[in-house]
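Here's a quick walk through one chain, from its loops to its core and surface. Have a look at the structure first.

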Amino acid sequence: AISSVQTRAVAVQSMKDTPVAARRGVLKKHITAHFYLTYAASLSAVVSVGSIFYNKIVLGKPHFTSLHSRLALVAAVLWAGSYLVAQKKVWTPLIRGKKKGPNLLWASKRHRQLGKAASLMTIITAASGLGLTTWGRAAFGSWLPLIVGIVLTVPIALVFPSK
């Protein structure tokens with residue numbers, strides 16, 4: 001979802017000289033893709049976290065005791081914040097009677113900042129799950145530093161591309 005948004009952002013930037021009416025259709029396609037990709041990622045996260053919670057309950061283990069789990073909690077809070085900012089932008093004009101449907105064409109610095117922070121925290125959480133857990137060390141052995149490096153470097157380059 002993140003790389004798709006970055007690619008689409010570059011495409012939208014290249015359209016600055018195109019008349020607004022012509023941009024509207026392309027922007028809606030990008031926004032719709034962002035919506036569905038984010039929805040799929042969120043659904044996957046909910047299923048993953050739900051299975052982890054269930055597994056911990058079954059095993060009788062406590063929650064949020066490791067650095068990895070606490071980082072995941074911070075990432076979840078950041079994602080929720082980004083989502084709430086987006087929902088306010090999408091639905092407020094409809095509630096106030098200013099639009100007849102959801103507002104899909106909007107920009108928010110706060111939504112973008114929270115989304116980038118959540119993306120970065122998710123990447124760090126994934127790396128911590130690989131590098132700081134017994135499972136990660138056992139599964140990847142001597143390849144672990146390389147794999148953690150890739151897990152950290154590639155997504156960060158996509159989230160924060162050089163200009």
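## A loop residue to start with

Let's begin with Thr 133, which is partly exposed, with a relative accessible area of 22%. That value is not under 20%, so Thr 133 misses the cut-off for buried. You'll find Thr 133 in the loop between α4 and α5, the latter running over 134-140. What about its distance to Leu 67? The two are 66 residues apart in sequence, and their C-alpha atoms sit 9.5 Å apart in space.

Bear in mind that this is a predicted model.

## The overall layout

How many helices and strands does the chain have? It has six helices and zero strands, so if you read along the sequence you get α-α-α-α-α-α. The chain has 163 residues, and 19% of them count as buried.

## The nonpolar core

Which residues make up the largest nonpolar core? There are five in all: Leu 71, Ala 75, Leu 78, Ala 118 and Met 121. Helices α3 and α4 (109-131) each supply at least two residues of this core, with α3 giving the largest share, three residues.

Met 121 also turns up in a pairing with Trp 79: they are 42 residues apart along the chain, and 9.6 Å separates their C-alpha atoms. Trp 79 is found in helix α3. Is Trp 79 buried, partly exposed or exposed? With a relative accessible area of 36%, Trp 79 is partly exposed, because that falls between the 20% and 50% cut-offs.

## Two more loops

Now for the loop between α2 and α3, where Phe 64 is placed. Phe 64 is not a glycine, and yet its phi is positive, at about 55°. Its side of the accessibility story is a middling one in the literal sense: at 34% relative accessibility, Phe 64 counts as partly exposed.

The loop between α3 and α4 holds Leu 105. Leu 105 is partly exposed too, with a relative accessible area of 25%. Which distance goes with the pair Leu 105 and Leu 27? Their C-alpha atoms are separated by 7.5 Å, while along the chain they are 78 residues apart.

## Patches on the surface

One surface patch is nonpolar. Phe 35, Tyr 36, Tyr 39, Leu 43 and Val 47 form it, and together they have about 570 Å² of accessible area. Take Tyr 36 as one of its members: it belongs to helix α2, which covers residues 20-59. Why does Tyr 36 count as exposed? Because its relative accessible area is 52%, and the label applies over 50%.

The other patch to look at is positive, and Lys 88, Lys 89, Arg 96, Lys 98 and Arg 110 form it. Lys 89 lies in helix α3, spanning residues 67-95. Lys 89 is partly exposed, with a relative accessible area of 33%. A patch member needs over 30%, so Lys 89 clears that cut-off.

## Pulling it together

Helix α3 keeps coming back in this tour. It gives three residues to the largest nonpolar core, it contains the partly exposed Trp 79, and it is home to Lys 89, one of the residues of the positive patch. Helix α2, for its part, holds Tyr 36, which is among the residues of the nonpolar patch.

Conventions
Residues are numbered from 1 along each chain as its sequence is written. This is a predicted model: local features need pLDDT of at least 70, side-chain atom pairs count only at pLDDT 80 or more; totals for chains, interfaces and linings use all residues. Side-chain values use heavy atoms; hydrogens and water are left out. Patches are made of residues with over 30% relative accessible area and no salt bridge: like charges are joined within 9 Å, nonpolar side chains (Val, Leu, Ile, Met, Phe, Trp, Tyr) within 5 Å. Accessible areas come from the Shrake-Rupley method with a 1.4 Å probe; for residues, only the protein chains shown count as cover. A salt bridge is a side-chain nitrogen of Lys or Arg within 4 Å of a carboxyl oxygen of Asp or Glu. Lys and Arg count as positive and Asp and Glu as negative; His and the chain ends are not counted. The place of a charge is taken as NZ of Lys, CZ of Arg, CG of Asp or CD of Glu. Helices (H or I, at least four residues) and strands (E, at least two) are DSSP runs, numbered from the N terminus. Buried means under 20% relative accessible area, exposed over 50%, partly exposed in between (1.4 Å probe, protein chains only). A nonpolar core is a set of buried Ala, Val, Leu, Ile, Met, Phe, Trp, Tyr and Cys residues joined through side-chain atoms within 4.5 Å.
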